[in-house]
Each structure stands twice: as structure tokens, then as C-alpha cells.
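This report looks at selected strands, ring pairs and one loop residue of a single structure. Please keep the sequence and the model in view while reading.

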Amino acid sequence: MCRYVIKLLMSCLFMLTLISCGEVTKNPQSVFYRLSKTPIEFGVFSSDAKLATFVSHGVLTVTKADGSGILHQFEIGGSKVTGLAISQDSTLLAVSFEKFIVVWNLVSGAELGKFNMSGNSEFAKISHIALYAKPLKLLVGMTDGTLNLLDYENSLTKQVNYHDARISFLALGPHRQLIISAGHDGLVSLHDANTLASTYQYRMSKRVTSLAHNLQHNLLFVSDALNDQVLINPFASQVEITKLKYKERFRWFRAAAISPDGQYLATGSSKYWWTLWHTKNGQEIGAFAIKAASTTALILDMHIDKQNMLATLNSDGIVELWDINTLLKMNR
């Protein structure tokens with residue numbers, strides 16, 4: 001009897017969620033690739049979404065995102081993975097565990113090295129990584145808010161504290177002049193990559209759950225864990241802030257991507273759909289259901305290219321392609 005009541009309540013909650021988020025549309029083109037037959041625990045695209053890397057059952061896989069072939073597989077055992085990153089030119093791969101990072105050369109498949117990382121607290125663990133090649137640089141965020149910048153060729157590691165809690169996002173800006181970081185303390189910060197001095201800060205009311213930027217890095221989308229989701233131009237003479245507009249009391253976003261021209265924003269929810277937005281006014285364009293093999297699938301990573309083609313990678317190991325131009329015509 002109790003099980004029946006619980007199932008009934010869950011079904012009602014599911015239906016209410018669907019109603020509150022409006023109509024969820026299926027992909028009109030239905031272009032997808034199944035990269036894994038088993039659920040994946042962690043997964044990201046390369047910077048051009050031509051490659052994807054993911055962890056499933058103790059195996060780290062690097063594959064072409066269109067499902068046309070696996071490039072590498074590495075046995076990593078049962079250790080907890082805390083981050084994955086492919087360099088901007090797709091020649092390097094990094095996987096982080098709680099206390100160390102392993103980097104591979106994707107051209108040869110050889111391991112380049114293993115790097116131990118620490119924070120100010122002896123209990124700090126690695127929470128997020130970003131990887132860049134030519135020269136090799138690693139950005140490593142820790143659970144205590146410490147940021148490590150590893151310069152491989154010069155055997156140099158810089159360490160600085162911008163955050164008071166777990167770092168959840170890291171990236172290098174254009175020409176590697178800026179570092180963008182965000183954390184569970186709600187702080188979004190831009191820093192000079194050479195001096196590590198802070199150049200811009202924006203404070204959210206809750207922990208940051210997702211952050212995305214356009215190609216020029218002059219438009220940021222930041223979402224917290226409650227109801228504060230904003231688009232920011234940090235370089236404007238007067239900082240411009242646009243809030244997303246929706247009817248619900250709150251929404252929670254796990255992933256996000258901004259089109260290279262800065263016109264459109266895609267956000268991945270904690271459920272099985274994603275939403276398309278106008279960045280100029282924060283208005284919702286439409287919500288779209290992903291292709292899934294289970295009822296618990298959710299989006300892990302998103303990418304929009306210059307042709308306005310969105311790629312999504314979900315926890316069922318499915319890559320799906322969405323033509324934003326077609327979706328705009330459907331939702332006029």
C-alpha cells in the first residue's frame with residue numbers, strides 16, 4: 001500500500017513538473033548517436049564538440065561525438081573521478097581524482113604525467129579542472145576554494161584563494177589573458193592570468209550551478225541553485241545584467257551553452273529536457289525533450305557551434321544534435 005501511495009505521489013509530482021515547465025517538444029530532426037550502452041558517470045565535449053570523453057564502469061573513453069569510432073580507452077579503476085577536460089586543440093586529455101590529475105597525449109595515447117594537487121586545507125579535494133595545450137596549462141579548483149594554476153613547461157604552480165567554498169567552474173579567456181572562476185560561495189570572478197589579480201566580481205545569492213560564455217567571453221550566463229539566473233556583460237562601461245524570465249518560482253540548471261554570436265542561450269535542467277532562450281531579453285523560446293534510454297537521464301554537457309547547431313551529451317551516453325535555426329522557426 002505504501003509503495004502504491006509513493007508511486008502515485010511521484011507520478012503526480014512528475015505531471016506537475018511537466019505542466020509548470022510548459023510544453024516540452026521532441027527533436028524535430030532526431031539526429032542522435034549512442035556512445036555508450038551503459039550509463040555514464042561523467043562526460044564532457046571537446047571545445048568544438050567533435051570529441052566526447054566519459055567515464056563508465058571504471059573505463060575512461062575518448063570517442064568521436066558522431067559515434068564513428070573510439071579513439072582511446074583507459075582503465076582507471078574504481079577511484080572517484082572529480083573532473084574531465086580536453087584541451088582546446090583536442091590533443092590532450094586530463095582526468096582528476098580527489099587528490100591528483102592524470103594527463104594523456106591524445107595523438108599518441110601516451111600518459112604525460114600524474115600531478116598531485118592540494119589546497120590550503122589539508123582536507124581539500126579537486127572539484128573542477130580546465131586544460132590547455134601549447135603550452136600545457138592546467139587550472140585546478142579545490143573544494144576549499146583554492147585555485148591552482150599549473151604551468152607544465154616551466155614546472156611552476158601558482159596558488160591563490162578567490163573563493164570560500166568549492167570551485168565549480170574554471171576557464172581561460174581569449175589569448176589566455178583572463179581566468180574565469182565560479183564557486184559554491186556564489187562568487188563569479190575574473191582574474192588577470194599573469195598577476196592573478198581580480199579584475200571583476202559578481203555575487204550570486206546561492207551556489208553557482210552552471211556558467212557559460214560566448215566565443216569572445218564578453219557575455220556570461222550564471223545560474224545559482226535557486227532562482228537567480230543572469231546574463232552579464234562584464235566588460236561594458238556600465239555592467240549590463242539580464243535576468244531569465246519564467247513563471248515558476250525557481251528553476252535549477254545543471255549545464256548551459258551560449259551561441260558564439262551571443263544571441264541564444266541553451267540550459268540543461270535537472271530533468272530530461274533543455275530550454276532555449278533569447279539572451280537579449282531573457283525570454284524563453286521553447287523547451288525540448290532529449291533522447292534517452294532511461295527515465296533518469298539528464299544533460300551533462302552542451303555546445304553550440306557557429307552554425308547554431310547545439311550538441312547535447314546526456315547521462316545515458318547519447319549525443320543529440322539540434323538545429324537552433326529550425327527550432328526558432330517552429331516557435332515563432
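## Basis of the description

Strands are DSSP runs of E with at least two residues, and helices are runs of H or I with at least four, each numbered from the N terminus. The model is predicted, so that local features need pLDDT of at least 70 and side-chain atom pairs count only at pLDDT 80 or more, while totals for chains, interfaces and linings use all residues. Residues are numbered from 1 along each chain as its sequence is written, and side-chain values use heavy atoms, with hydrogens and water left out.

## The loop residue Ser46

Ser46 is placed in the loop between strand S3 (42-45) and strand S4 (51-56). With a relative accessibility of 3%, Ser46 counts as buried, a class that means under 20% relative accessible area, whereas exposed means over 50% and partly exposed lies in between (1.4 Å probe, protein chains only).

When its neighbours within four places in sequence are left aside, Ser46 is in contact with Leu51, Ile86 and Ser90, contact being defined as heavy atoms within 4.5 Å. The C-alpha atoms of Ser46 and Leu93 are 9.5 Å apart in space, although the two residues are 47 apart in sequence. The side chains of Ser46 and Asp48 are joined by a polar contact of 2.8 Å, and the side chain of Ser46 also reaches the backbone nitrogen of Lys50 at 3.3 Å. A polar contact is a pair of N or O atoms within 3.5 Å; within protein, one must be able to donate a hydrogen and the other to accept it, and residues adjacent in sequence count only if both atoms are side-chain atoms.

## Two open sheets

Strands of a sheet pair through backbone hydrogen bonds, either parallel or antiparallel; here, two strands are taken to pair if DSSP finds at least two bridges between them. One open sheet of four strands has the order S11-S12-S13-S14, with antiparallel pairing. Strand S11 (126-132) and strand S14 (156-161) stand at its edges with a single partner strand each, so one side of each is left without a neighbour in the sheet. Neighbouring strands of this sheet are turned by 15 degrees against each other on average, direction ignored, where axes are lines fitted to C-alpha atoms, for helices over the stretch in contact, and angles run from 0 to 180 degrees between N-to-C directions. S11 and strand S12 (residues 137-142) run antiparallel and are joined by six bridges, with Leu139 in S12 as the bridge partner of Ala130.

Another open sheet of four strands, also with antiparallel pairing, has the order S2-S29-S28-S27. Its edges are strand S2 (31-34) and strand S27 (299-304), each having a single partner strand, so one side of each lacks a neighbour in the sheet. The average turn between neighbouring strands here is 15 degrees, direction ignored. S27 pairs with strand S28 (residues 309-314) in the antiparallel sense over five bridges, and Thr312 in S28 is the bridge partner of Met302.

## Strand S21 and its hairpins

Strand S21 (residues 229-233) is mostly covered, five of its five residues being buried. In a regular strand the side chains alternate between the two faces of the sheet. Both faces of S21 are covered, with Gln229, Leu231 and Asn233 buried on one side and Val230 and Ile232 buried on the other.

Strand S20 (residues 220-224) runs antiparallel to S21 and is joined to S21 by four bridges, in a hairpin with four residues between the two strands; the bridge partner of Ser223 is Gln229 in S21. S21 also pairs with strand S22 (residues 240-243) in the antiparallel sense over four bridges. Six residues form the hairpin connection from S21 to S22, and Ile232 stands opposite Ile241 in S22.

## Aromatic rings

A search of the whole structure finds 10 aromatic pairs. The ring centres of Tyr272 and Trp273 are 5.1 Å apart and their planes stand at 85 degrees, so this pair is edge-to-face. Rings of Phe, Tyr and Trp (its six-membered ring) pair if their centres lie within 6.5 Å, and planes under 30 degrees apart count as stacked, over 60 as edge-to-face and the rest as tilted. Tyr272 is partly exposed, with a relative accessible area of 23%, whereas Trp273 is buried at 4%.

Trp274 and Trp322 also form an edge-to-face pair, at 5.3 Å centre to centre and with 75 degrees between the planes. Trp274 lies in strand S25 (residues 273-278) and Trp322 in strand S29 (residues 318-323), so the pair ties together parts that are 48 residues apart in sequence. Both Trp274 and Trp322 are buried. Elsewhere, ring pairs link Phe221, Tyr246, Phe253 and Trp277 into a cluster.
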